[in-house]
Amino acid sequence: MSLIWFFEETDLFKVLCPHKLNNYKKDHDFEAYKKSDYIYFEEDAANKVYLIENGKVKIGYYSEGGHEIVKAILTRGEIFGEKAILGEQKRNEFAQSIDNKTSICPIGIETMYDLMRENQNFSLKIYKFIGLRFKKLERRLQNLLFKDSKTRLLDFFNELKEDYGYCCPDTGDMIILHPYTQKDIANLIGTSRPTLNQLMNELKEAELIDFGRKELRLKKVA
């Protein structure tokens, strides 16, 4: 299921952002972050949920050896810190801005509970979203452990197809308009940028894909 579908159907900014709600907006401000700024660290108190109003946020953690593991890169309209809803007391991951104009709408966990109590349909969708995200993260971690770089890249393309793709009626190619840089993609599939560039060029030479800065075309789609 596409996360884009989920957020469009829910109208997340209208339902969730306290700026849209008279009972909450007077005590609420957006928070601005520049590139490399942290929104929270591992072990910080988990007392808020966050909505991205603009920019991009990297979610990850550090291994025992100090290696950074990127779990997700999120963009406008997506939420993070959602494990606080399930009772998480301390963060087990970090959240970092990777855009110079990131704007975040923070929602206190008690406010979030109020919103969920007031709207049962919204509450069900929030829990469904959390379940979908856990499944996606589990699948990505399994890929990192058991699959080679090329297979991980192709699996990632399939994720992008679900979230951002549409079929070109003239060619039958799958067009994917996505928000990720090559550095983002390399981080998400656990490889280096040179390796990613090599894989992308191999797939292009095989006429399986074509790509630009923010567009990917999966060719020969049945």
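## A buried leucine in H7

Leu203 has a relative accessibility of 3%, so it counts as buried. This is a predicted model, by the way, so everything below is about predicted coordinates. You'll find Leu203 in helix H7, which covers residues 193-205.

Who does Leu203 touch once its neighbours within four places in sequence are left aside? The partners are Lys150, Leu153, Leu154, Phe157, Leu208 and Ile209. Two of those, Leu153 and Phe157, turn up again among the buried residues of H5. There's also a distance to check in your viewer: the C-alpha atoms of Leu203 and Leu218 are separated by 9.8 Å, with their positions 15 residues apart along the chain.

## Helix H5 and its buried side

H5 runs over residues 149-164. With 16 residues, H5 reaches 22 Å from its first C-alpha to its last, close to the 22 Å expected at 1.5 Å a residue.

Which residues of H5 are buried? The list is Arg152, Leu153, Phe156, Phe157, Glu159, Leu160, Asp163 and Tyr164. They sit on the same side of H5, because the arc they cover around the axis is only 160 degrees. Charged side chains are part of that buried set too, with Arg152, Glu159 and Asp163 among them.

## The largest cavity

The structure holds two cavities of 30 Å³ or more. The largest one has a volume of about 60 Å³, and its lining is made up of Arg140, Asn143, Leu144, Arg152, Phe156, Glu159, Leu188 and Ile189. Sorted by type, that lining gives four nonpolar residues, one polar and three charged.

Where does the lining come from? Helix H4 (120-146), helix H5 (149-164) and helix H6 (182-189) each put in at least two residues. Arg152, Phe156 and Glu159 line this cavity, and these three are also on the buried list for H5.

## The second largest cavity

Next comes a space of about 40 Å³. Val70, Lys71, Leu137, Arg140, Leu141 and Leu144 line this second largest cavity. Here the split is four nonpolar, no polar and two charged.

Strand S5 (68-74) and H4 each supply at least two residues of this lining, but H4 gives the most, with four. If you're picking residues to display, Arg140 and Leu144 belong to the lining of the second largest cavity, and both are in the lining of the largest cavity as well.

## Two loops with positive phi

Most residues other than glycine have a negative phi. Against that background, two loop residues deserve a look. Ser36 isn't a glycine, yet its phi is positive, at about 80 degrees. The loop holding Ser36 links strand S1 (31-33) and strand S2 (38-40). Is Ser36 buried, exposed or partly exposed? At 46% relative accessibility, Ser36 counts as partly exposed.

Glu207 is the other case, a residue other than glycine with a positive phi near 60 degrees. Glu207 lies in the loop between H7 and strand S11 (209-211). Its relative accessible area is 48%, so Glu207 is partly exposed. That loop follows the helix that holds Leu203, and Ile209, on the Leu203 contact list, falls within S11.

## The chain as a whole

Zooming out, the chain has seven helices and 12 strands. Of its 222 residues, 46% are buried.

How much of the contact set is long-range in sequence, at 24 or more positions apart? Among contacts in the chain with a separation of 6 or more, such residue pairs account for 69%.

Key: Residues are numbered from 1 along each chain as its sequence is written. This is a predicted model: local features need pLDDT of at least 70, side-chain atom pairs count only at pLDDT 80 or more; totals for chains, interfaces and linings use all residues. Side-chain values use heavy atoms; hydrogens and water are left out. On a 1 Å grid over the protein atoms alone, a cavity is a set of points where a 1.4 Å probe fits but cannot get out, and a pocket is an open set with protein on both sides within 12 Å along at least five of seven lines; lining residues have an atom within 4 Å of a point. Grid points are joined across faces, edges and corners, and a volume is the space filled by probe spheres set on the points. Buried means under 20% relative accessible area, exposed over 50%, partly exposed in between (1.4 Å probe, protein chains only). Contact means heavy atoms within 4.5 Å. The expected span of a helix is 1.5 Å times one less than its number of residues. The arc is that of the directions from the helix axis to the C-beta atoms.
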